[in-house]
2 protein chains.
Amino acid sequence: MFNSSILLKEYNLKVTPQRVAIVDELYKNGHMNIDELYQNLLKKFPSISLATIYKNVNAMVEKIFLNEVKIPESKSVYELVKEEHSHLVCKSCGKIEDINIDTSILNSSILSISNFKVEDTKVVFSGVCSNCQ
Amino acid sequence: MFNSSILLKEYNLKVTPQRVAIVDELYKNGHMNIDELYQNLLKKFPSISLATIYKNVNAMVEKIFLNEVKIPESKSVYELVKEEHSHLVCKSCGKIEDINIDTSILNSSILSISNFKVEDTKVVFSGVCSNCQ
DNA sequence: CTGGATGCAAAATATTTGCAGGGGC
DNA sequence: GCCCCTGCAAATATTTTGCATCCAG
């Protein structure tokens, strides 16, 4: 079972209702941008401030507990950190899906060209999802 | 030989000294963010406006003649459009390099999982460049 | 000559910060 | 009770827009 309070504690963040709601929203929706988070939290906390969203999201990103995903031609979205994975972005409906593929096969191609030491690999595929086809 | 005026004409953009300079800077430096472009152009055009940079970069991106590259934990950079390629970002010195690797080998992995139709693939590797190692 | 480009200023957006009060632990 | 968190307001940063003038074609 997913428990956002425990998660927050593990990362040394005080458990507040606003933080729990942020984590729960992200758990439920997978990926959200700042404004989607704000709009959704407004329903539960009519007086929540955008500054609170920013402060918390930034704090969680710093604790490496949220991950920012930069989307081509669109706003960044945030997700809970899980195993490394890639993203599929549908150009038609905008939906973002996670996909687990092995990107390390690319590393050998890099080594054959450059002496660069790869630490992280971010892959975003844009195209058309099955629903929209 | 590289000729920025011809390039601009091909994309139906009037050839102005500011535009030529933007294209020349990007050709020379490979990747630049908005502020680097502005600072460099100020040397040639002390009264150039940031608005001019934005208007032109946006126009060139729309004509698909510049490409915006979103860099993890950093600002977007722009580059002249060339064959599809990936990017290496050095976490130490910040340098960004192009690298030509075949990313289509990933597509078969996607097909085996999802029915998503891939149209574009953006890959950014972060790590340590050979100089910084 | 004409329409689009430039530079400036202002507006619109996006993000961060300071601070007083409130609440988690 | 202490200190961090919240919400508000203000400050900053980023990007866009309107407009008068200028210049490429």
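**Protein–DNA contacts, chain symmetry and an annotated cysteine cluster**

In this predicted model, a polar side-chain atom of Thr52(B) sits 3.0 Å from a phosphate oxygen of DNA strand C. Asn56(B) makes a similar approach: a polar atom of its side chain is 3.0 Å from a phosphate oxygen of the strand. For Thr16(B), the distance from a polar side-chain atom to a phosphate oxygen of DNA strand C is 2.7 Å. Both chains contribute elements to this surface. Two or more residues each come from helix 4 (50–62) of chain A, and from helix 2 (17–29) and helix 4 (50–62) of chain B.

In total, 17 residues surround DNA strand C. The closest are Tyr54(A) and Asn58(A) from chain A, with Thr16(B), Arg19(B) and Lys55(B) from chain B. The backbone of the strand dominates the approach: sugar and phosphate make up 72% of the DNA strand C atoms that come within 4 Å of the protein. By class, the surface near DNA strand C comprises five nonpolar, seven polar and five charged residues.

DNA strand D is surrounded by 18 residues. Nearest are Thr16(A), Arg19(A) and Lys55(A), along with Tyr54(B) and Asn58(B). Sugar or phosphate supplies 76% of the strand D atoms within 4 Å of the protein, and bases supply the rest. Two side chains reach phosphate oxygens of this strand. An N or O atom in the side chain of Arg19(A) is 2.7 Å from one phosphate oxygen of DNA strand D. The corresponding distance for Asn58(B) is 2.8 Å. Lys55(B) addresses a base instead: a polar atom of its side chain lies 3.1 Å from a base oxygen of DNA strand D.

Helix 2 (17–29) and helix 4 of chain A, together with helix 4 of chain B, each supply at least two residues of the surface near DNA strand D. That surface divides into five nonpolar, seven polar and six charged residues.

The relation between the protein chains was examined next. Chain B superposes on chain A by a rotation of 180° with 0.0 Å of shift along the axis, at an RMSD of 0.0 Å. The two copies are therefore related as by a two-fold rotation axis. In chain B, the C-alpha of Val123(B) is the nearest to the axis, at 2.2 Å. Both copies use the same surface: 100% of the contact residues of chain B recur in chain A.

A cysteine group in chain A carries an annotation. An unreviewed UniProt entry lists Cys90(A), Cys93(A), Cys129(A) and Cys132(A) under "binding site". These residues span 43 residues of sequence, yet they cluster in space, with a largest C-alpha distance of 8.2 Å.

Two members of the group illustrate its surroundings. Cys90(A) belongs to strand 3 (residues 86–90) of chain A. Its relative accessible area is 2%, so Cys90(A) is buried. Beyond its neighbours within four places in sequence, Cys90(A) contacts Lys95(A), Gly127(A), Val128(A), Cys129(A) and Cys132(A), as well as Phe116(B) of chain B.

Cys132(A) lies in the segment after strand 5 (117–128) of chain A. With a relative accessibility of 30%, Cys132(A) counts as partly exposed. Its contacts, again leaving aside neighbours within four places in sequence, are Cys90(A), Ser92(A) and Cys93(A).

Notes. Residues are numbered from 1 along each chain as its sequence is written. Chains are lettered from A and ligands numbered from 1 in the order in which they are written. This is a predicted model: local features need pLDDT of at least 70, side-chain atom pairs count only at pLDDT 80 or more; totals for chains, interfaces and linings use all residues. Side-chain values use heavy atoms; hydrogens and water are left out. A residue is near a molecule or strand if one of its heavy atoms lies within 4 Å of it. A polar contact is a pair of N or O atoms within 3.5 Å; within protein, one must be able to donate a hydrogen and the other to accept it, and residues adjacent in sequence count only if both atoms are side-chain atoms. Helices (H or I, at least four residues) and strands (E, at least two) are DSSP runs, numbered from the N terminus. Ala, Val, Leu, Ile, Met, Phe, Trp, Tyr, Cys and Pro count as nonpolar, Asp, Glu, Lys and Arg as charged, and the others, Gly among them, as polar. Copies are superposed by least squares on the C-alpha atoms of residues with pLDDT of at least 70 in both. Contact means heavy atoms within 4.5 Å. UniProt positions are given in the numbering used here, feature names are shortened, and annotations may be inferred rather than shown by experiment. Buried means under 20% relative accessible area, exposed over 50%, partly exposed in between (1.4 Å probe, protein chains only).
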